[in-house]
Amino acid sequence: VWAAVGVGIFAIGGFERLELMTYDWRTRAFPAEARQDIVVVAIDNPSLKAVATWPWPRAIYAELIDRLTQAGARVIAFDVDFSTERTRQDDVQFARAVSRADRVVLAAFHEHRALDGGAVVEYANLPYPDLRKAARAVGSINLSLDPDGAIRRAPIEAPILGGGGWGFALQTARLYLGALDRPVHRSPDGTLEIGGHRARLGTGG
């Protein structure tokens, strides 16, 4: 009987769901110690109220980069879509600030759309050309949902338009470690090595 129940649970993905539930419990019961050298600068409701226009002028991001650089930030990573060019003056000012800081990681993402007739086309959203050239790195922010609809991990590799590509979090870590020009090695046991630094990844990380 128990064997039949076990087979039934496995068939409907019950073991995977159980693993996800216990993973959530473990992360809440034994949380990792928060690092004090990582700061999230959020675009929250008070920020949106303070600057009433959206999208914000790129000059605001340029000023933010200058201030963060002056404050000693080693890496500045923007999880913001800058694929569309705005005004020439704003775009140039922003790109110059990114180049001047020499420590900025930008986000990219892609999506697949079905066309009439069944063909599927991949669309890539990359930072506009001048900005992309000014950045130290670009990483994908595409994430995968678990069966229960939650996001628990970020991909290491994230190819865009059929080419190679790295995830946003990994690119941020590589720049922080000064290892953008060093290869990334991932061993079968889940260990990731970047420029002599090693880390253990979670399942599917």
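**View 1. Leu192 is a buried residue of this predicted model.** The relative accessible area of Leu192 is 6%, which falls under the 20% limit, and Leu192 therefore counts as buried. Leu192 is found in strand β6, and its bridge partner in β7 is Ala199. When neighbours within four places in sequence are left aside, the residues in contact with Leu192 are Ile156, Leu170, Val184, His185, Arg186, His197, Arg198, Ala199 and Leu201. One of these contacts, Ile156, lies 36 residues away from Leu192 along the chain, and the C-alpha atoms of Leu192 and Ile156 are separated by 9.5 Å.

**View 2. Strands β5, β6 and β7 make up an open sheet with antiparallel pairing.** The order of the three strands is β5-β6-β7, and the edge strands are β5 and β7, each of which pairs on one side only. On average, and with direction ignored, neighbouring strands of this sheet are turned by 20 degrees against each other.

**View 3. A hairpin is formed by β5 and β6.** Strand β5, covering residues 184–186, and strand β6, covering residues 191–194, run antiparallel and are joined by three bridges. Within this pairing, Val184 stands opposite Ile194 of β6. Four residues lie between the two strands of the hairpin, and Gly190 in the turn has a positive phi of about 90 degrees.

**View 4. A hairpin is also formed by β6 and β7.** Four bridges pair β6 with strand β7, which spans residues 197–200, in the antiparallel sense. Here two residues lie between the strands, and the turn contains Gly195, whose phi is positive at about 55 degrees. The bridge between Leu192 and Ala199 belongs to this part of the model, Ala199 being the partner in β7.

**View 5. Arg58 and Asp91 form a salt bridge that links distant parts of the chain.** A search of the whole structure finds twelve salt bridges, and in the one between Arg58 and Asp91 the closest N and O atoms are 2.9 Å apart. Arg58 belongs to helix α4 (residues 58–70) and Asp91 to helix α5 (residues 88–101), with 33 residues separating the two along the chain. Both Arg58 and Asp91 are buried.

**View 6. Glu111 and Arg113 are joined by a salt bridge.** The closest N and O atoms of this pair are 2.8 Å apart. The relative accessible area of Arg113 is 39%, a value between the limits of 20% and 50%, so Arg113 is classed as partly exposed. Glu111 is likewise partly exposed, because its relative accessibility of 30% lies between those limits.

**View 7. Asp148 and Arg152 meet in a salt bridge and belong to a network.** The side chains of Asp148 and Arg152 come together with an N to O distance of 2.6 Å. Asp148 has a relative accessible area of 44%, which lies between 20% and 50%, and is therefore partly exposed. Arg152, by contrast, counts as buried because its relative accessibility of 15% is under 20%. The network of salt bridges in which these two residues take part links Asp24, Asp146, Asp148, Arg152 and Arg153. Side chains of opposite charge can pair when their charged atoms come close.

Notes:
Residues numbered from 1 in each chain as written. Predicted model: local features only at pLDDT ≥ 70, side-chain atom pairs only at ≥ 80, totals over all residues. Heavy atoms only, no water. Pairing = 2+ DSSP bridges. Buried < 20%, exposed > 50% of the residue type's maximum accessible area, 1.4 Å probe, protein only. Contact = heavy atoms within 4.5 Å. Salt bridge = Lys/Arg side-chain N within 4 Å of Asp/Glu carboxyl O. Axes fitted to C-alpha atoms, helices over the stretch in contact; angles between N-to-C directions.
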